[in-house]
Structure formats: C-alpha cells, structure tokens
Amino acid sequence: MKRRVAATASLWLVLSALPCTALAQAVDAATLEARMAELETEMHQMRALLQQYQQRDAQAAAVAAPAAAPVVAGTPAAAAPILPGAMPGTRFSFGGFIKLDAMTTRTSDGAIADGSAGRLFYFPGATPVAADGNGRSASYTDVHAQFSRFWLGADTVTDNGDTLKAYIEADMYGGGSNAFAGNEVITNTYALTLRQAYVSWNHWLAGQTWSNFQDVAALPDTVDFTGPSEGTVFSRQAQVRYTRGPWSFSLENPQTTLATYQGNGTRLNSGDDTVPDVTARWLQRGDWGHFTVAGMLRNLRYDGRTDTGVAASVSGRFNLGSNDDLRYMVSGGQGIGRYLGFALGADSVLDAEGALHAQDGYGGFVAWRHAFSPKLRGNLVYSGAWLDNDAQWTGALVTERAQSWRVNLIYSPFPKLDLGAELSHAQRRLENGEAGDLNRLHTHVKYNF
C-alpha cells in the first residue's frame, strides 16, 4: 500500500511541475502508456501482498481460538454433552404430548365417584348398575390434563454392532402429592406416574413395558384414553423378554387376583405368587398391515393353593386401501382376569374349602378407521367382554358382561395437533340382572412433540 501511494505522489509532482504547454510537448502518448502499464503492475503486486497479509491474520486467529463444534441449523448449542455419563456415541431423544380431556357424562343408575378412574376415562367396571326402575340418573362434567406424557430415550450402537437402548416414560396420572393437590378445588396438582422403564440389548429386554401378551399396535384411534377397554388386553409390568424374528417370549411379573367366596364382587390380591407369567407371541407384518397370535400360561397361587391359567389372543390391523383400515382383537381363556378389560373379572375364585378355580373370560373389539382427508379422520368402534362366573362361589353381584360403542371425528389443522370429539355408549350387567348405561361426549386437544 505504501509503494502504491509513493508512486502516485511522484507522478503527480512531475506532472504539476511542468507548465501546460511544456507538458504537452514533454509527455507524448508512448510515455504515458508506459507509465500507466508500470502503475498497473504495481497495483497487482500490492493486491497480492494484501491478500497474503489477510490470510496470515486469519490463520493466526484460528490457532488462538478454541475449536468450535459444527452447529446444525435450528439446534441450540450445548455447553457440555447432554449425557456425560453414557457410552460414547449415545444418541439422546425426548418426546411426548400435551393432552386436555373434557367430557360430559350421564349414567342411568347412579354417579361414578368423583376423582375415580371412571371419571377420567372409560373404565368398564365403574359403570353404576341397579335393578330395573330403581336407579337414578346422574350427569357431570370433568376436565383434566393428567394424561399428558413425556419420555426420554438413549440409544447406542457399539463398535461391535451391538444395539443398546434405555427408555423411561411417565404421565401425570398419579393422584395428589400433598393435602391441597389432586383435586379440583385449588391447584389440580398431580404426581408423576411411571409407565415404562426398560433397557434392551440386541434381542433382550429387561424392565417395565407393555405385556408381551398385549398388541398395542392394534388399538383403535380413539379420543378416550383406551377406548374399547372391556375388549382389550391391557397390562404394563416388569418382565424379561427375548425377541427373534417373528417370535417373542417373556417371563412377566405374576400377580393373582381372587374373588372371595360368596363375596359378591369383593376381591383380594395374592402376595404368594412364585412363578412368572409366561407368554409367547408370533407376529407378521407387511404393506397390508399386521397379524399376531399370543399365548399365556399362568400359575395362580394363594395361601399354598394353586391352579393353572391358560389364555390366547388374536389381533391385528388390515389396511383397506390408502384411507381405511380395520383393527381387531379377540382374547379369552382361563385365568385371563386382570389382563382383560382393566381387570373386569378376577383371575380365580375361592370355593368354600379355600381351593382356587381359574375363571373363564372372553372379550374383543373391532374398529373401522376412515380418513376423509389428510386432516380429518373418523373411527367407529365396538367392544365387549363376557365373564363365565360360577355364582355359587362368586355370588350374584359380579359383572357378567360389559360392552360399548363409540364414534369419533379427529381433525388435525397442523401436523401433530389433534382436535377430537367422541360419542360413546356403554352398558354393564351383573349376574343377578342389575344393569346400567353410560353415555359420554368426550373431547380433547392433543399436541405431540
């Protein structure tokens, strides 16, 4: 730069020192042309020198500054690894949904207790019953966000190709955590509820998750928490599971529920179980949907007495073109009790001598789903369960059957946001003939993230 300024100044001094007439005589065209060429060469040299200085300064700044990790657009930079205690290469994931439920319910034969499960979602065993003409109808509205949910996951693939996964999931369906919580008076504060917590390694899984006897993928698209509850196998519990190809096998936490002798619905839970519930499942998937068959073997135990439970379940989803699908489940057997319909029936019953007798139960559902457009879909669902009670042991005040129908529309104005409305009608009947109905309008706002 200094050389360029000096050359320009010299040329100006020479030109300004000459008179105009002498200048015209002294500087001919050839001289001017030569001088301009010389100046142009000097400018190119100065530009090259300036670029060298700039490159040198940039290299010095890069050496002095700490190395920065590449930043992905839309991802906030972390000051430290999000899982510092995990294995190298572990990928962290997070998700869940916010869900507001609002429902108006009318029961024909009494009210469901405020704050109980039946006021938050459809719980078949909670439908009030009475003899014909003796019941009194009740109506009430409930609004809550307890089923809002979140989950955390950590996935790792080792250098040897082993896959490791840790997963934990919770919602707010945990009741009050202090004297002022868990009610609709002041804070509506609820405690966390553990849903799932497990670790998997290649083909093995250990921890709490959905029972291997349950087909979660067949559940209908409903506004209610579960929807066709009485006809659904539903259980989350601790287990060890092995999966290989289409087959999966599990040893799951045993727990025997018993109907007391002539207890008219009174139940107790055995703490004497020693043998895990054993399940096996065969699954096939394709573009057409999926189909699965599951079996379960149980050892029912109480006070030194035992009995055997055996049950099976067939379920799946069949795609009917691009806009429709059919979902179904049929389950039944001896000792299926607590696995079916939110424990609508007991696993076993005690006779007069204290012996155990596994109770038979059967249930199922069928659901048709139709997409009217990319943003609007609807579902029509029927569900039912039938229990084969021996009234000489159970008494007559136990559920003999329950069934429900529901229809809904779910609108998604944006991806992951659902606005749903569902009409449902349910019935429950006891062995002595007492019965009751439930009618409900259930709406929700649900945002998945």
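Which residues line the second largest cavity? The legends below answer this and then turn to other close-up views of this predicted model.

**View 1. The second largest cavity and its lining.** The residues that line the second largest cavity are Tyr 122, Asp 224, Arg 406, Glu 422, Ser 424, Leu 438, Arg 440 and His 442. Two elements, strand E20 (417-430) and strand E21 (435-448), each give two or more residues to this lining. Strand E21 supplies the largest share, with three residues. Sorted by class, the lining of the second largest cavity holds two nonpolar, two polar and four charged residues. The space inside this second largest cavity amounts to about 40 Å³.

**View 2. The largest cavity.** The structure contains two cavities of 30 Å³ or more, and the largest cavity encloses about 50 Å³ of space. Its lining consists of Ile 336, Gly 337, Gly 345, Ala 346, Gln 359, Asp 360, Gly 361, Leu 387 and Asn 389. By class, three of the residues lining the largest cavity are nonpolar, five are polar and one is charged.

**View 3. The largest pocket.** About 730 Å³ of space lies in the largest pocket. Its lining comprises 27 residues, and those nearest the centre of the pocket are Arg 149, Leu 219, Pro 220, Phe 225 and Lys 446. The elements giving two or more residues to the lining are E1, strand E5 (193-201) and E21. Of these, E21 provides the largest share, three residues. The lining of the largest pocket divides into eleven nonpolar, five polar and eleven charged residues.

**View 4. The surroundings of Thr 90.** Thr 90 is located in the loop that connects helix H3 (29-64) with strand E1 (91-107). Apart from neighbours within four places in sequence, Thr 90 is in contact with Leu 83, Ala 154, Asp 155 and Thr 156. With one of these, Thr 156, the contact is polar and runs from side chain to side chain at 2.6 Å. The side chain of Thr 90 also reaches the backbone oxygen of Met 87, at 2.7 Å. The C-alpha atoms of Thr 90 and Gly 153 are separated by 9.9 Å, although the two residues are 63 residues apart along the chain.

**View 5. Strand E1 and its pairing partners.** Strands of a sheet pair through backbone hydrogen bonds, in either a parallel or an antiparallel sense. E1 and E21 run antiparallel and are joined by eleven bridges. Within this pair, Thr 105 stands opposite Arg 440 in E21; Arg 440 is also one of the residues lining the second largest cavity. E1 further pairs with strand E3 (residues 149-157) in the antiparallel sense over seven bridges. Here Ser 93 has Gly 153 in E3 as its bridge partner. Seven bridges also join E1 to strand E2 (residues 138-144), again in an antiparallel arrangement. The bridge partner of Ala 102 in E2 is Val 143.

**View 6. Strands E13, E14 and E17.** Eleven bridges link strand E13 (residues 305-320) with strand E14 (residues 324-334) in the antiparallel sense. One of the bridges places Ala 311 opposite Gly 333 in E14. E13 and E14 form a hairpin with three residues between them, and Gly 321 in the turn has a positive phi of about 80°. E14 also pairs with strand E17 (residues 360-371), in the antiparallel sense and over eleven bridges. In this second pairing, the bridge partner of Asp 325 in E17 is Arg 369.

**View 7. An open sheet of four strands.** Four strands are arranged in the order E10-E9-E15-E16, with mixed pairing, to form an open sheet. Strand E10 (267-269) and strand E16 (356-358) are the edge strands, each pairing on one side only. Direction ignored, neighbouring strands of this sheet are turned by 35° against each other on average. Strand E9 (residues 257-259) and strand E15 (residues 348-350) pair in the parallel sense over two bridges. Between them, Leu 258 has Ser 348 in E15 as its bridge partner.

Key. Residues are numbered from 1 along each chain as its sequence is written. This is a predicted model: local features need pLDDT of at least 70, side-chain atom pairs count only at pLDDT 80 or more; totals for chains, interfaces and linings use all residues. Side-chain values use heavy atoms; hydrogens and water are left out. Contact means heavy atoms within 4.5 Å. A polar contact is a pair of N or O atoms within 3.5 Å; within protein, one must be able to donate a hydrogen and the other to accept it, and residues adjacent in sequence count only if both atoms are side-chain atoms. On a 1 Å grid over the protein atoms alone, a cavity is a set of points where a 1.4 Å probe fits but cannot get out, and a pocket is an open set with protein on both sides within 12 Å along at least five of seven lines; lining residues have an atom within 4 Å of a point. Grid points are joined across faces, edges and corners, and a volume is the space filled by probe spheres set on the points. Ala, Val, Leu, Ile, Met, Phe, Trp, Tyr, Cys and Pro count as nonpolar, Asp, Glu, Lys and Arg as charged, and the others, Gly among them, as polar. Two strands pair if DSSP finds at least two bridges between them. Axes are lines fitted to C-alpha atoms, for helices over the stretch in contact, and angles run from 0 to 180 degrees between N-to-C directions.
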